[in-house]
Structures are given as C-alpha cells and as structure tokens.
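Welcome! Below are some short exercises, each followed by a worked solution. Try each one yourself before reading on.

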Amino acid sequence: MTIKEFYDQVNGSYNSLLERIGSEERAAKYLKMLKLDPSYNELKAAIERKDFETAFRSIHTLKGVSLNLALDSLYEASVTLTEIFRHYSGEDYQVAYDKVSEVYEKIMSAIDLLD
C-alpha cells in the first residue's frame with residue numbers, strides 16, 4: 001500500500017502530511033515509528049488502573065502525535081477523550097475510549113501494509 005492509499009484508508013490528510021513532513025519516505029519512517037510509541041499502551045494500562053491523570057497525559061501525547069502525522073480520524077477521537085480526562089470528574093469515558101481504540105487499531109493494521 002502506498003502512503004496516499006494509507007491516508008485514504010485511515011481518513012487522514014495526505015496533503016497536510018506532505019506539507020508537514022516533506023516526503024513520502026519520511027512519512028513512512030515516522031508512521032512505522034508510531035508502532036513503537038508507548039502512548040496507546042500507557043493509556044490502556046492507565047485506564048485499567050483507573051489512573052486518570054496518566055490516562056490524560058497518554059491520550060494528550062497520542063493526540064499530538066496524530067496531529068503531527070495528519071492522522072485526522074485518530075486526532076479527532078483523541079480530542080474527545082483528552083477533554084474528558086483533562087478535568088476528570090467521573091464522567092463516562094468508555095464510548096470515547098472505544099472510538100480511540102477502534103481508530104488506533106485500524107491505523108496500526110494499515111501501517112503493516114505499507115510498501
């Protein structure tokens with residue numbers, strides 16, 4: 001799969017990516033590095049522990065990474081969860097977390113298909 005096809009599949013912004021990153025080769029490098037980023041796994045573990053301060057930091061980091069890589073669908077899902085955890089006071093986060101997980105897993109699977 002090409003980088004353009006990847007961005008079409010995951011509802012990202014290919015043109016924004018190229019403006020920010022400069023080339024498809026660099027984009028592929030950074031996307032593959034995303035698989036090594038611990039933010040999502042830290043988020044998952046923090047939620048299991050009900051450590052919402054760490055969950056906030058993890059989702060905030062993932063939001064920034066997704067913005068920098070023009071992964072719009074992950075960014076949008078992350079914004080919602082970030083705001084829930086920013087001043088967490090017990091509101092339900094499960095739907096927002098499930099959306100982040102769904103989009104994240106889709107992106108991770110698509111990264112494996114990159115040329």
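**Exercise 1.** In which helix does Y14 lie? Find out also whether Y14 is buried or exposed, and what Y14 touches.

*Solution.* Before starting, note that this is a predicted model, in which local features need pLDDT of at least 70, side-chain atom pairs count only at pLDDT 80 or more, and totals for chains, interfaces and linings use all residues. Residues are numbered from 1 along each chain as its sequence is written, and side-chain values use heavy atoms, with hydrogens and water left out.

Step 1: Y14 lies in helix α2. Helices here are DSSP runs of H or I with at least four residues, numbered from the N terminus.

Step 2: Y14 has a relative accessibility of 15% and so counts as buried. The cut-offs are under 20% relative accessible area for buried, over 50% for exposed, and in between for partly exposed, with a 1.4 Å probe and protein chains only.

Step 3: setting aside residues up to four places away in sequence, Y14 touches I3, K4, Y7 and E24. Contact means heavy atoms within 4.5 Å.

Step 4: Y14 and K4 are ten residues apart in sequence, and their C-alpha atoms are 6.1 Å apart in space.

**Exercise 2.** At what angle do α2 and α3 pack? Then list the residues that make the contact.

*Solution.* Step 1: the angle is about 95 degrees, and the axes are 9 Å apart. Axes are lines fitted to C-alpha atoms, for helices over the stretch in contact, and angles run from 0 to 180 degrees between N-to-C directions.

Step 2: α2 and α3 are therefore roughly perpendicular to each other. Angles of 65 to 115 degrees earn that name, while those under 35 count as roughly parallel, those over 145 as roughly antiparallel, and the rest as oblique.

Step 3: from α2, the contact uses Y14, L17, L18 and I21, and from α3 it uses E24, R26, A27 and Y30.

**Exercise 3.** Which residues of helix α3 are buried? Explain how they are placed around the axis.

*Solution.* Step 1: within α3 (residues 24–34), the buried ones are A27, A28, L31 and L34.

Step 2: these residues cover an arc of only 115 degrees around the axis, which puts them on the same side of α3. The arc is that of the directions from the helix axis to the C-beta atoms.

Step 3: a general rule helps here. An α-helix has 3.6 residues a turn, so residues three or four places apart point the same way.

Step 4: the cover over the buried residues of α3 includes α1 (3–9), α2 (14–21), α5 (52–68) and α7 (94–111).

**Exercise 4.** How do α4 and α5 pack? Repeat the work for α4 and α7.

*Solution.* Step 1: helix α4 (residues 39–49) packs with α5 at about 155 degrees, with their axes 8 Å apart. The two are therefore roughly antiparallel to each other.

Step 2: the axes of α4 and α7 come within 12 Å and cross at roughly 150 degrees. So α4 and α7 are also roughly antiparallel to each other.

Step 3: the contact between α4 and α7 is made by Y40, L43, K44 and I47 of α4 and Y97, V100, S101, Y104 and E105 of α7.

**Exercise 5.** How many aromatic pairs does a search of the whole structure find? Classify the pair of F6 and Y7, then that of Y88 and Y93.

*Solution.* Step 1: the search finds eight aromatic pairs. Rings of Phe, Tyr and Trp (its six-membered ring) pair if their centres lie within 6.5 Å; planes under 30 degrees apart count as stacked, over 60 as edge-to-face and the rest as tilted.

Step 2: the ring centres of F6 and Y7 are 5.2 Å apart and the planes are at 75 degrees, so this pair is edge-to-face. F6 is buried at a relative accessible area of 0%, and Y7 is buried at 0% too.

Step 3: for Y88 and Y93 the centres are 6.1 Å apart and the planes at 65 degrees, so this pair is edge-to-face. Y88 is partly exposed at 25%, whereas Y93 is buried at 9%.

Step 4: F52, F85, Y88 and Y93 form one aromatic cluster.
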